[in-house]
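Biologist: I'd like to learn how to read sheets, domains and chain contacts in a model like this. Can we walk through one together?

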Amino acid sequence: MTDSVTPPAGTAPTVVHGPKREGTPALEARGLTKHFPVGRGKVVHAVEEISIALPEATVTAVVGESGSGKSTLARLLTGLIKPTSGELLLDGKPVGTSAKALRAYTSDVHLVLQDPFSSLNSAHSVGYHIERPLKLHSDVRGAELDAKVVELLDRVSLSPGAEFAAKYPHELSGGQRQRVAIARGLAVRPRVLLADEPVSMLDVSIRLGVLNLFDGLREDERLAILYVTHDIASARYLADTIVVMYAGQVVESGPAEQITDAPQHPYTQLLLSAAPDPARDQAPELRGSGSPPSLVNPPSGCRFHPRCPFAMAVCKEQAPPSLPVGTDQVAACWLHSPEHKAEADAVSAQI
Amino acid sequence: MTAVQAGPVLGEPVLEVSKLCIDYGLPEDGGVRAVTDVTFTLRRGEVLGLAGESGSGKSTLAYAIPRLLRAPGVITGGDVIFHQRPVGGGPSQAVDMLTADAETLANIRWVDLSMVFQSAMHALNPVARIEGQLTDVLRRHRPGWSPAQRKERAVELLQMVGISADRLRAFPHELSGGMRQRVMIAMALALEPALVIMDEPTTALDVVTQREIIEELMELRERLGFAVIFITHDLSLLLELADTIAIMYAGRLVEMATATELVRAPRHPYSQGLLNSFPALHGAKKRMVGIPGAPPSLRAMPAGCKFHPRCVHAGESCLSVEPRLARPNGSFSARTVACTLQDGSRPTPAELALPDPAETAPSRFRTPAAAVPAPSDPNQNLTVGDLS
């Protein structure tokens, strides 16, 4: 599992997470950091130094517990909140700060929110919701506009589109509302779709329908999709790459099936053992109890070390670099560092 | 019956619900029926998992059992019999919950039948300390206890759910979501009830916390022997903790079987669809479809089988005749299902006619020691046999 090109600790180059594809990714974030001030000079270290690339026609899943910073990451990528440091590149070009540049950016990067019951305005019809972005970002008007609305609704399997356009949100089920939210996002022909827990408020039996819709959009629209979720099984189902976040940092990333079949970071292993799995024959063993740390005063070194059953001396002192642990798979964990191999083996043998 | 029973005594019923119907609003005011003809028996120490989508009536049912349903909810038919154990011991007495007066109900609620409400975030009083909220129920139901005794019990309860005693003076906002949920569970167990109804107790929690709480709960269940009605929309979770699973759809029970039977050999197309809605954590990736359509509105219930508009197997009879819960054709188990595919009138599709699993394994969280007295080590078993 070790790699000869592993750089020495402290001088680790930035690891860019996300699916590995040829060419320029549709959206790339470099060294994104967000600290929220909470008064008296204190800050919440919500997102720390995350570099992620979203190539077109791929789905990247961001998985983590609540408070891991996954939603903050999605919001940083939309440009809705300003990062403390770091930059965004759309098709390889830095995103400008002028109002015009930001407006162009919002038409290329769209966010689908978690709760379709509050993200739609109950006073307006479905058609209105989809017309808005078209009117704001294009010159389509009149009959052409109506035709476009119907076409968009059909594309998210709300047919007949004309009938749905006349309905109001309260007449729709949760799954249908989420489809409206997605159609609204597609209206401006975005390059990137950011979906923050898009199915967690939906009924179990209709979740797959929405996930399959995302899957289809990846192919048909060549969209770069970021799927933020706490459900690692659905991440495996939909995504090409899974990025696991803990306490504002990426602890592991790699191809989806590799992450679920051979997790290398102790936190990913903990998440997987805790997930309900009907195929399991006996109760899983949980390694690492407790809850995520406060992000105002995050633990020194590796942020997972207070919960980690494998914690070594170095883990308390130095934050681990992202180390290669498989094909395109990296884990930020000292257990995979060649310098600490002897100690890591000893710790693992004890458990 | 003077000896105190340790552990669950399976077999003796603790709750019998039969033909329960619940409406919202009266029929003359355009009311809708939320729960229709629900019948089940819960035995002491049993964990019944109640799974269904939102609007399937599972929470309505949970609130109706202890008569906590608020207007416009009305119980319009059926029976709820609770078998109450008298304080001094002796055979349990059947109490008709639907006709019981306020005093009888007050002596059953929380003493014999308690509830863990959905979303602990809102169920605790934000301006009262944990101690006050935990001892409140003791003040009402253990009038003879001194404040010191009550506090001692509160400490004991907190420790039972893995919270240190110094959190007693904390306010709810000082606790994490998982801890608040643990406090709710401790509160429900304060008077050692025979039945705990849990309405989506872990839905708002992270998977790791959820797993910890479920493990704790199952351990406590082993030790204290209470029965549980566990309500959730997460069927994959139920499969790991329930003895019996009842699937609700549009206010009706459509299938009831042991957890193993349900996961290995579902008989109702809806149960099968639900099971196929959870992507697997392992194995080959395959495209899954879920269930087409959405659950029906209570105001526009389809005729016949309520699932037929979404069912791929729907036949002529499904459109008009509502199937009743019955043992599936060819099964020798105690399971029941409400589907015409299983009554022998139509050929059953192969995927809905898988053989029942031979042995119904006990819930996976159950420790071998607490189940039936069967030592896990066969050699040890021999020694015991030799000695006797």
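Modeller: Sure, and keep in mind that this is a predicted model. Let's begin with a sheet in chain A: it is open, has eight strands in the order β6-β7-β8-β3-β9-β10-β12-β11, and its pairing is mixed.

Biologist: Which strands stand at the edges of that sheet?

Modeller: Look for strands with a single partner. In chain A these are β6 and β11 (323–326), so each has one side left without a neighbour in the sheet. From one strand to the next, the twist averages 25°.

Biologist: And how do I read the pairing itself?

Modeller: Strands in a sheet pair through hydrogen bonds of the backbone, and the pairing is either parallel or antiparallel. Take β6(A) and β7 (residues 192–196) of chain A: they run parallel and are joined by four bridges. Going along β6(A), you find His110(A) opposite Leu193(A) of β7(A), and Val112(A) opposite Ala195(A) of that strand.

Biologist: Which way do the residues of β6 (residues 109–112) in chain A point?

Modeller: They split into two pairs. Val109(A) and Leu111(A) point one way, His110(A) and Val112(A) the other way, and all of them are buried. Here a residue counts as buried with 20 or more other C-beta atoms within 10 Å of its own.

Biologist: What lies across β9 (241–246) and β10 (249–255) of chain A?

Modeller: That's the helix α10(A), which runs at about 100° to β9(A).

Biologist: Does a database say anything about this chain, and what is in the stretch concerned?

Modeller: UniProt, in an unreviewed entry, lists residues 27–272 of chain A as "domain: ABC transporter". Over that stretch the chain is 41% helix and 26% strand, and the C-alpha atoms at its ends are 29 Å apart.

Biologist: On to chain B. How many helices and strands are there in chain B?

Modeller: Eleven of each: eleven helices and eleven strands. Of the 388 residues in chain B, 42% are buried. For contacts in chain B with a separation of 6 or more, 65% come from residues 24 or more positions apart.

Biologist: What is the strand order in the open sheet of four strands in chain B?

Modeller: The order is β2-β1-β4-β5, with antiparallel pairing. The edge strands are β2 (32–43) and β5 (93–96) of chain B, each pairing on one side only. In this sheet the twist averages 5° from one strand to the next. Inside it, β1 (residues 13–24) and β4 (residues 73–84) of chain B run antiparallel, joined by eight bridges. As an example, Cys21(B) has Gly77(B) in β4(B) as its bridge partner.

Biologist: How is chain B divided into domains?

Modeller: Domain 1 takes in 41–71 + 101–248, and domain 2 takes in 264–279 + 303–352. Between the C-alpha centres of these two domains of chain B there are 33 Å.

Biologist: Last topic: the interface. How many residues of each chain are in contact?

Modeller: Interface size is often quoted as the accessible area lost when the parts come together. Here we can count residues instead: 33 of chain A are in contact with 35 of chain B. On the chain A side, α7 (204–220), α8 (232–238), α9 (256–261) and α10 (266–274) each supply at least two residues. The most comes from α7(A), with six residues. By class, that side of chain A has 15 nonpolar, eleven polar and seven charged residues.

Technical notes. Residues numbered from 1 in each chain as written. Chains lettered and ligands numbered in written order. Predicted model: local features only at pLDDT ≥ 70, side-chain atom pairs only at ≥ 80, totals over all residues. UniProt positions renumbered as here; feature names shortened; annotations may be inferred. Buried ≥ 20, exposed ≤ 12 C-beta atoms within 10 Å, placed from the backbone. Pairing = 2+ DSSP bridges. Domains from an automatic or database assignment. Contact = placed C-beta atoms within 7 Å. Nonpolar A, V, L, I, M, F, W, Y, C, P; charged D, E, K, R; others polar. Axes fitted to C-alpha atoms, helices over the stretch in contact; angles between N-to-C directions.
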